[in-house]
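Work through the exercises below with the sequence and the 3D view side by side. Try each task before reading its solution.

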Amino acid sequence: MQIEQGEHIYRKRRAEGRIATPLISIVVPAYNEAEVLDHFLKDTSAAVGPLGLPYEYIFIDDGSSDETANIIAAHLKNGLQGRLIGLARNFGKEAALTAGLAHAKGDVLVVIDADLQDPPQLIPQMIDGWRAGYDVVYGLRVDRSSDTVMKRNSAGLFYKLFNRLSDIDMPANAGDFRLIDRKVVEALLKLPERNRFMKGLFAWVGFSSMAIPYERPHRRAGYGKWNYWKLWNFAIDGLTSFTTMPLRIWFYGGALVAALSFAYAAFLIIRVMAFGIDVPGYASLMVGLLFFSGVQLLSIGMIGEYVARLFNEAKQRPIYLVQDIIEGAPNTHKTKP
Ligand code: UDP
Ligand code: MG
């Protein structure tokens, strides 16, 4: 209760400090989204326009091989405000988002998918949340019926495991769709890691957050870029970036196995003393051998996961490379009047 009041006081103070006409940057990672971009721009502008606030689009072309870049460039040429950041190849959504955050100039940023699975109609509500003093306003998927049963269950399991193992609290079923204040953006950009599990990073930086529940629709056009193998690897990336618990598990596993083998040794000694020498079976030996070599390989693999991550971080390669930046109509907005 006490803490809630404290948070309330800070929020009120922040709400009073909010500028009246913030520049909104709409950050959109796009990878082969040519089919849906026109729908996206139409719906998003219809949702954001009536707010009467200045806004710009930050599109990140994540190495698309279709007309994505051309379509966006044409819109920018025809007066759309914002810019297109063309990456040198497909770096993945997490890297594209990082590029978007770095190139957005807004006082508030809205991170949104191009496929209209994140309804732009929620943006005005998010702005209201920001005006009420929240620094992060995220969309919470209450109905994931547009996902398959398998994807929903595995996602549920992942969130449980993640929150159990890591120190941070990541809200289940929150995607990347969210509004973030400039100071959250600055905090995110200060994080140097190469392995960017954005959902985890959003949760790690903290700041006072508010959820807006919504039903996640199917993508409007085009096709999704995920498959189960990619999701599995994404989950491993997320877990290993935010917890070293898997390494510790082997410590306890090893202790348990050692304890059991001591007990078994004691049992064998007592049996020999009581009943005389007896040659034990080949089967139990083989099972033990195979089992423990399996356990050892698993644990080496687990350590390998972390070593691989250290290797990637140590190389210090940039998270993304920009190939082109196309500027849209000049921004007439002044941040501080
Ligand atoms: N995306 C991207 N780079 C990629 C894959 C996806 O920038 O390598 C973008 C994609 O264009 C879309 C968003 O990330 O705007 C979400 O992608 P998708 O719809 O495939 O994922 P899902 O909705 O299934 O999470
Ligand atoms: Mg999608």
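**Exercise 1: Helix α3 and what follows**

Task: find the residue that follows α3 and state the sign of its phi.

Solution. Gly79 follows α3, and its phi is positive, near 105 degrees. Helices (H or I, at least four residues) and strands (E, at least two) are DSSP runs, numbered from the N terminus. The model is predicted: local features need pLDDT of at least 70, side-chain atom pairs count only at pLDDT 80 or more, and totals for chains, interfaces and linings use all residues. Residues are numbered from 1 along each chain as its sequence is written, and side-chain values use heavy atoms, with hydrogens and water left out.

Next, step back into the helix, residues 68–77. Thr68, Ile71, Ile72, Ala73 and Leu76 are buried there (under 20% relative accessible area, with exposed over 50% and partly exposed in between; 1.4 Å probe, protein chains only). These buried residues pack against β1, α2 (34–48), β2 (55–61), β3 (82–87) and β8. Contact means heavy atoms within 4.5 Å.

**Exercise 2: The sheet**

Task: write down the strand order of the open sheet and name its edge strands.

Solution. Read across the 8 strands: β7-β5-β6-β4-β1-β2-β3-β8, with mixed pairing. Two strands pair if DSSP finds at least two bridges between them. The edges are β7 (209–215) and β8 (322–327), each paired on one side only. From one strand to the next, the twist averages 20 degrees.

Now take one pair. β1 (residues 24–30) and β4 (residues 108–111) run parallel over 4 bridges. Ser25 stands opposite Leu109 of β4. Finally, add a helix: α5 (residues 123–131) packs on the sheet and touches β1, β4, β5 (136–143), β6 (174–181) and β7. The direction of α5 makes about 50 degrees with that of β6. Axes are lines fitted to C-alpha atoms, for helices over the stretch in contact, and angles run from 0 to 180 degrees between N-to-C directions.

**Exercise 3: Two packed helices**

Task: describe how α6 and α9 pack.

Solution. Start with the geometry. Helix α6 (residues 149–165) meets helix α9 (residues 228–242) at about 10 degrees, with axes 10 Å apart. The pair is therefore roughly parallel (angles under 35 degrees count as such). Then list the contact residues. Among them are Phe158 and Leu161 of α6, and Leu231 and Leu239 of α9.

**Exercise 4: Asp43**

Task: is Asp43 buried or exposed?

Solution. Locate Asp43 in helix α2. Its relative accessibility is 16%, so Asp43 counts as buried. Beyond neighbours within four places in sequence, Asp43 contacts Leu116, Pro120, Gln121 and Arg220.

How values were computed. Chains lettered and ligands numbered in written order. Parallel < 35°, antiparallel > 145°, perpendicular 65-115°, else oblique.
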